[in-house]
Amino acid sequence: MGAGGLVEIRVLGPLQLDQAGASVLPGGRRLRVVLSTLALNANRVTATDVLVDALWGTNPPSTARTQTQICISTLRKLLSDLDCRARVVTRSPGYLLQIDDDDLDYNRFEKLVGFALAHEAAGRLSEAVGDLRSALALWRGPALADVPSERVSRAALRMEESRVTAEVHRLRIELALGRHAEIIGDIHALLEENPAREELYEYLMLALYRSGRQFEALEVFRRARSVLLDSGGVEPGDRLRRLQLAILNRDKELLAPPEPVVAAQRRAEPAAGDYAGGLLPARSPGFTGREKALTQVTGLLAGPARPGSARIVGIWGPAGVGKSSLAIEAAHLLTAEFPHGCLYADLRDDGHPDQAVSRTLDRFLRALGVPASAVPDSLPDRIGSYRSTLAGKRVLVVVDNALAPDRIRPLLPVDGGSAALVTIPDRPAVLPGVRQLELTELGIAQSVALLARRIGAERVAGEQRAAEQLAEAVGGVPSQLIVAAARVAAKPHARIADAVRRLGERPEEGANLALTYEGLSDAARRLFRLLGVIEAGEFPRWVAEPLLDEQPDRADDVFEDLVVAGLLDAAGSPDRRVVRYRLHGPVRAYARELARTAEPAESREAAERRWLGACLARAEVAHRQEFGGDYAILHGAAPRWTPPPGTGTASELGITWLDEERALLVGAVRQAAAAGYDELCWDLALTLVTLFEARGYFDDWRDTTSVALDAVRRAANRRGEAAMAYSLGALNIARKRLADASAQLTTALELFDRERDVHGKGLVLRNLAFIDWVRGDLSAMRARYEQALLNMRSVGDRMGEALVLCNIAKFSGTEGNENYARELFQEALAISTDVSCRRGEAAALSGLADLYLRTDRLEDAGDMLNRALLIVQEDRDRVGEAVALYSLGLTRKRQGRPEHAEIVLMQALTAARQVGERQIEAQALYQLGELLLERGNVKGALDYCAEANRVLGGLGQDIWRPRSGALAVPQSLLT
């Protein structure tokens, strides 16, 4: 190359040509795309086809190669005018950008990172950090953010990943150098950009711990766990979980190396604010044609907080016009306006309006960070709690498909800082304070734009008049336009005019959907009809298997035919592992009509039974995954539709699967009850308790059990009635309502006795024995536990046996029979391990820990609790986590480690409140009070004691109080 001028091409940010510190911005979109594409492949040949793809994607014009050559000529002239050393040369099959490494900032970045790696390998850590800082300083913002090309954007994403990797590498070395306090702010900032990177949480926890901020370090683990579960449905990895345990145990290996003599200036950390997220569905990828309405909605809701009432917009219009899509698109655009998050609820299939509002308030309160134990039971109290929680926050509330708009007032904010967006199927009555926006069918221009996105701009431009006629024929309804567009797009060589002609030959109402339906294969038509059988608004792809009674691959192919035909739309939050689908309003109505009129009644009912039977069969697999078999559960005789061999691994059908499909399965219980399948209904309701109990979903537990109880009573199904009475009794034990629990369990015992159901009686006796123990009736407790144990063993319920053994062992330990208790716990642990029931293992380990704690074997107690904590956290057993953390805090307190004990007990308190485990909450409060008392803080200690008494008083059971302990305050401290 010739000498040339010192001109640098800069791609680490907006595209620039930098000459002696002065920036030159390449003009014109195409010129920027060509220069970026060549620079990303510097000193290597870039094919002309690659440039064409970068410029026009999948729809290049016929003159694409000629226009590309013109761009190359323009670029050559620009580089020549700047006297740049870089130049573009022709090399078959395209062009090559010849450039020195130092003249391209990305090449310099990679070179500096390479130097840093070499320094690190040689142990020169300070030099490594210096080179990494120099490399990262080259970045001026997102790579090539101003270049409008999908191909360039994909490459830019890879470059962004290399930047993040370099940042993570730098932070790791800085930690090794003992600069933990200085990098906390940097880690926070990087986590904001990359919330799913586990190593960043690890570094932040370590940095905080080494800075003497142990409690904050443990809170980071809790936040990491929540983010990872919400975004990907996965638990934190082994490294992160072991780091949490190491911090809990104050492991000396976590201590930092000596601080360097010169420390970098400390950066301020961003404060962590409350945020309600994870509820808003994904945006519709084909959203178009509603720009004016979108501007209206966002204009009405945006802007700073104002005094007075909240801003509320109601969107109404006929089915299929895109009300939900508009609301969701607007909510995504308004994210920055509402820093405390967005709440979303779809009320289309949520039952009675008051029940739907109550369930939605429970979800909203949890999303806003209210612990499960603090969510009130009654609707008026939930409304009050919701409004007080929203006060002072800026939250956007989206209520979709408000079928009874006058009944949803409790969901709407009242404070001027928040706002609400409501979609309403029909024209509502006047709603005070609500700005109503009518959404009508799309106009011709908007409809044609939608068709162009679905069919292709060139095809539509080539038949502009036919496209307008197609839009007129389907009435400008977006869902109908999508169906019509899919029919045309499926035939690349057909004319749009042919589609218009065929519609004109079918004057009847619904001709557009009918034409698409008739063009499907026999199997796809049948599946479309049978989807009308499912009451749930959203469903996963696997529903096709039982509906068609087909193998997974075949059923999935048929399901995909409906997606391609535009009859099914993807739905759901972007962070869900499983994509769900829905039938839009008019399409759903058509499917249901065909199910009634075109599908024989016998075939329709058989499909419904298979679909509900598949829900039950899969839920059973999930329960077996949790308990190691059909243990600690009752089942009925309803027919199952068993997933074919090889369908779903055990982990895919575990409790995480139950949680993902919760709404679908709860709806299946209701559908089974309405259809008169009482046996299946109670069986599914009881199996779902596996999820409800572990996650604290008490509303769902109550509602499904009540629905099933009504169904079995109507059918005079006595065993089913006994099972549901047992389930309600277990629910009331979980809610600490022992009087109600005792009455329901007594009823269940009588019904099981009449049915001569040994297994059912064993399950009930175990729970009644627990109530006897709490009430102090030890004679009755012993007799019931012994009989329960005999029953479990006689029916082969190994985990039922193990759980009863744990109960007996716990009591025996408190009575001073430590050796006998240890034998029982070890027997329970052996059974749990043998059947692979991790819940049982955790229960036995926790029991052994309590026993060791009682006998001052404190190190052994800590070891048992660490093992139990790993299990319950990995399995997302929130109740088990609260119990294990409490016991671990108590252990640390007994070991004379008060600061550590306080941190762990605070963790236990947080976990207990999140799942409504109020006894553990009260016990943790008492223990925290004792710790303050030991430090002479009498006022703080009494405050904790008063709060514990308030929690116990809220249980309505004085019998819990003696088991929680009481503060003994020396008189000398009170005077």
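Visitor: In which helix is Ala 685 found, and which residues does Ala 685 touch beyond those up to four places away in sequence?

Guide: In this predicted model, Ala 685 belongs to helix H28, residues 678–687. Leaving aside residues up to four places away in sequence, Ala 685 touches Val 669, Thr 704, Ala 708 and Met 724. The relative accessible area of Ala 685 is 0%, and the residue is buried. A further distance can be read along the chain: Asp 700 is 15 residues from Ala 685, and their C-alpha atoms are separated by 9.5 Å.

Visitor: Where is Ser 36 placed, and is Ser 36 buried or exposed?

Guide: Ser 36 lies in helix H1. Ser 36 is buried, its relative accessible area being 0%. Its contacts, again without residues up to four places away in sequence, are Leu 15, Leu 144, Val 147 and Val 152.

Visitor: How should the pairing of strands be read, and in what order do S4, S5 and S6 stand in their sheet?

Guide: In general, strands of a sheet pair through backbone hydrogen bonds, in either a parallel or an antiparallel sense. Here three strands form an open sheet in the order S4-S6-S5, with antiparallel pairing. Strand S4 (45–47) and strand S5 (87–91) are at the edges and have a single partner strand each, so one side of each is left without a neighbour in the sheet. With direction ignored, neighbouring strands of this sheet are turned by 35 degrees against each other on average.

Visitor: How many bridges join S5 to S6, and which helix packs on the sheet, touching S4, S5 and S6?

Guide: S5 and strand S6 (residues 94–98) run antiparallel and are joined by five bridges. Within that pairing, Val 88 has Leu 97 of S6 as its bridge partner. Helix H1 (residues 29–40) packs on the sheet and touches S4, S5 and S6, its direction making about 70 degrees with that of S6. Helix H3 (residues 64–81) lies across S5 and S6 and runs at about 145 degrees to S5.

Visitor: In what sense does S9 pair with S8, and how many residues of S9 are buried?

Guide: S9 pairs with strand S8 (residues 342–346) in the parallel sense over five bridges; in that pairing, Leu 343 has Val 397 of S9 as its bridge partner. S9 also pairs in the parallel sense with strand S10 (residues 419–424), over four bridges, and Val 399 stands opposite Val 422 in S10. Strand S9 (residues 396–400) has five of its five residues buried, so it is largely enclosed by the rest of the structure. Both of its faces are covered, with Leu 396, Val 398 and Asp 400 buried on one side and Val 397 and Val 399 buried on the other.

Visitor: How many aromatic pairs does a search of the whole structure find, and what is the geometry of the pair formed by Phe 109 and Trp 139?

Guide: The search finds 12 aromatic pairs. Phe 109 and Trp 139 form an edge-to-face pair, at 5.7 Å centre to centre and with 85 degrees between the planes. Phe 109 lies in helix H4 (residues 105–121) and Trp 139 in the loop between helix H5 (125–137) and helix H6 (150–176), so the pair ties together parts that are 30 residues apart in sequence. Phe 109 and Trp 139 are both buried. With Tyr 106, they form one aromatic cluster.

Visitor: Why is the pair of Phe 770 and Trp 773 tilted, and where do these residues lie?

Guide: Their ring centres are 6.1 Å apart and their planes stand at 40 degrees, so the pair is tilted. An α-helix has 3.6 residues a turn, so residues three or four places apart point the same way. Phe 770 and Trp 773 are three residues apart, about one turn, in helix H33 (residues 758–775). Phe 770 is partly exposed, with a relative accessible area of 22%, whereas Trp 773 counts as buried at 16%.

Visitor: How is the absence of a bond between Cys 806 and Cys 837 to be read, and why is there none?

Guide: A disulfide is a covalent bond between the sulfur atoms of two cysteines. The cut-off applied is 2.5 Å between the sulfur atoms, and the count comes to zero disulfides. The cysteine sulfur closest to that of Cys 806 is in Cys 837, 9.9 Å away, which is too far for a bond. Cys 806 is buried, with a relative accessible area of 9%, and Cys 837 is buried at 0%.

Key
Residues are numbered from 1 along each chain as its sequence is written. This is a predicted model: local features need pLDDT of at least 70, side-chain atom pairs count only at pLDDT 80 or more; totals for chains, interfaces and linings use all residues. Side-chain values use heavy atoms; hydrogens and water are left out. Two strands pair if DSSP finds at least two bridges between them. Helices (H or I, at least four residues) and strands (E, at least two) are DSSP runs, numbered from the N terminus. Axes are lines fitted to C-alpha atoms, for helices over the stretch in contact, and angles run from 0 to 180 degrees between N-to-C directions. Contact means heavy atoms within 4.5 Å. Buried means under 20% relative accessible area, exposed over 50%, partly exposed in between (1.4 Å probe, protein chains only). Rings of Phe, Tyr and Trp (its six-membered ring) pair if their centres lie within 6.5 Å; planes under 30 degrees apart count as stacked, over 60 as edge-to-face and the rest as tilted.
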